[in-house]
Each structure stands twice: as structure tokens, then as C-alpha cells.
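I am opening a notebook on a structure that is new to me. I will look up one place at a time and write down what I find.

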Amino acid sequence: QVQLVESGGGLVQAGGSLRLSCAASGRTFTFSNYAMGWFRQAPGKEREFVAAISWSGSTTYYADSVKGRFTISRDGAKNTVYLQMNSLKTEDTAVYYCAAARTYSATYGTISTSTRYDYWGQGTQVTVSS
């Protein structure tokens, strides 16, 4: 069993910051074998890609809507991936999901596609008020 557990969501005013965490665990899960991604889904909308990081941490990918405001990172010692969100906007309000994709190579086109991912967390709510 692989578990991805998100935390760090909450209510914040526009312009504020939040840091999301996603802790990965599982008897057969090797964190370094997986690229990690963040997706989000707002009410009435489809799930959309936010950011991803390669298995080594050397490459990051961002949706245009968050580029320059969000930063994804990973800590192999803690089997955790983070999403630092700054300058939050009301349109960032959504449930944020962490996901893991077993891949050593990726392009933006593949890593931004939800079907590429093998495991998903339950999500954490982020609400940005005006």
C-alpha cells in the first residue's frame, strides 16, 4: 500500500502564503523512483496541473498560472514533497492533490497529465479570500 498524505491547507487572505506538504509512505514505495506532482480542482472545474518535480529534484515544471509564485521541492530524507505558495490569489482556491508518477524521464506534456500518475493523495483544501 502506498499512501500520500497532504497537509498545510487552510484559509488565507489574497496576497498571503501557504506551504503544502505531502508525505509519502509504503512498504514497497521508494520515493526516489518517483516524480511528484501537485494538481488542484476547484468547484465545478476539472482537475488541473499545478507543478511537478523530477525523481532527482533537478527539474521542476509549473503551470503558467502559478509560475513565479509557487515553488515545488522535495526532501528525500523525509519522503516529502512541498509546494510553497506565495502571492496567493482568489482563483487559487481549490482542493490540492499530491500525486506520484514512477518515471525517470518526463516532458512537460507527460508530467502535467493526471493519467501519468500512479498514486494520489486525498487532497487538502486551500481557500483564498479577497
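**Entry 1: a loop residue**

I started with Thr93, which sits in the loop between β8 and β9. I note at once that I am reading a predicted model.

What does Thr93 contact beyond its neighbours within four places in sequence? I found Ala42, Gln125, Val126, Thr127 and Val128. I then looked up Val126. Thr93 and Val126 are 33 residues apart in sequence, and their C-alpha atoms are 5.4 Å apart in space. I also looked at the side chain of Thr93. It reaches the backbone nitrogen of Val128 at 2.9 Å.

**Entry 2: Asp92**

I moved to Asp92, which also lies in the loop between β8 and β9. Is Asp92 buried or exposed? Its relative accessibility is 0%, so I count Asp92 as buried. The cut-off for buried is under 20%.

I listed what Asp92 touches, leaving out residues up to four places away in sequence. The list reads Arg40, Arg69, Phe70, Ser87, Val126 and Val128. Val126 and Val128 were also on my list for Thr93. The side chain of Asp92 reaches the backbone nitrogen of Lys89 at 2.8 Å.

**Entry 3: the sheet with β8**

Next I looked up the strand before this loop. In which order do the strands of its sheet stand? I read β1-β3-β8-β7, four strands in an open sheet with antiparallel pairing. Why do β1 and β7 each have one side without a neighbour in the sheet? β1 (2-7) and β7 (70-75) stand at the edges, and each has a single partner strand, so one side of each stays free of a neighbour there. I noted the turn as well: neighbouring strands of this sheet are turned by 15 degrees against each other on average, direction ignored.

I checked β8 for burial. Five of its six residues are buried, so the rest of the structure largely encloses β8.

**Entry 4: the partners of β8**

I took β3 first. Strand β3 (residues 18-26) runs antiparallel to β8 (residues 80-85), and six bridges join them. I looked up two opposite pairs. Leu18 stands opposite Met85, and Ala23 stands opposite Thr80.

Then I took β7. β7 and β8 pair over six bridges, in the antiparallel sense. Here Ile72 stands opposite Leu83 in β8. The hairpin of β7 and β8 has four residues between the strands. One backbone angle caught my eye: Asn79 takes a positive phi near 50 degrees in this hairpin.

**Entry 5: the core**

I asked which residues have the most contacts inside the largest nonpolar core. They are Met36, Trp38, Leu83, Met85 and Tyr96. This core has 40 residues. Strand β9 (residues 94-102) gives the most to it, with six residues. Two of the names were already in my notes: Leu83 stands opposite Ile72, and Met85 stands opposite Leu18.

**Entry 6: the disulfide**

I searched the whole structure for disulfides. How many are there? I found one. It joins Cys22 to Cys98, with the sulfurs 2.1 Å apart. Cys22 belongs to strand β3 and Cys98 to strand β9, 76 residues apart, and the pair links distant parts of the chain. The angle about the S-S bond is -75 degrees, and the link is left-handed. I checked burial last. Both Cys22 and Cys98 are buried.

Conventions. Residues are numbered from 1 along each chain as its sequence is written. This is a predicted model: local features need pLDDT of at least 70, side-chain atom pairs count only at pLDDT 80 or more; totals for chains, interfaces and linings use all residues. Side-chain values use heavy atoms; hydrogens and water are left out. Two strands pair if DSSP finds at least two bridges between them. Axes are lines fitted to C-alpha atoms, for helices over the stretch in contact, and angles run from 0 to 180 degrees between N-to-C directions. A nonpolar core is a set of buried Ala, Val, Leu, Ile, Met, Phe, Trp, Tyr and Cys residues joined through side-chain atoms within 4.5 Å. Buried means under 20% relative accessible area, exposed over 50%, partly exposed in between (1.4 Å probe, protein chains only). A disulfide is a pair of cysteine sulfur atoms within 2.5 Å. Contact means heavy atoms within 4.5 Å. A polar contact is a pair of N or O atoms within 3.5 Å; within protein, one must be able to donate a hydrogen and the other to accept it, and residues adjacent in sequence count only if both atoms are side-chain atoms.
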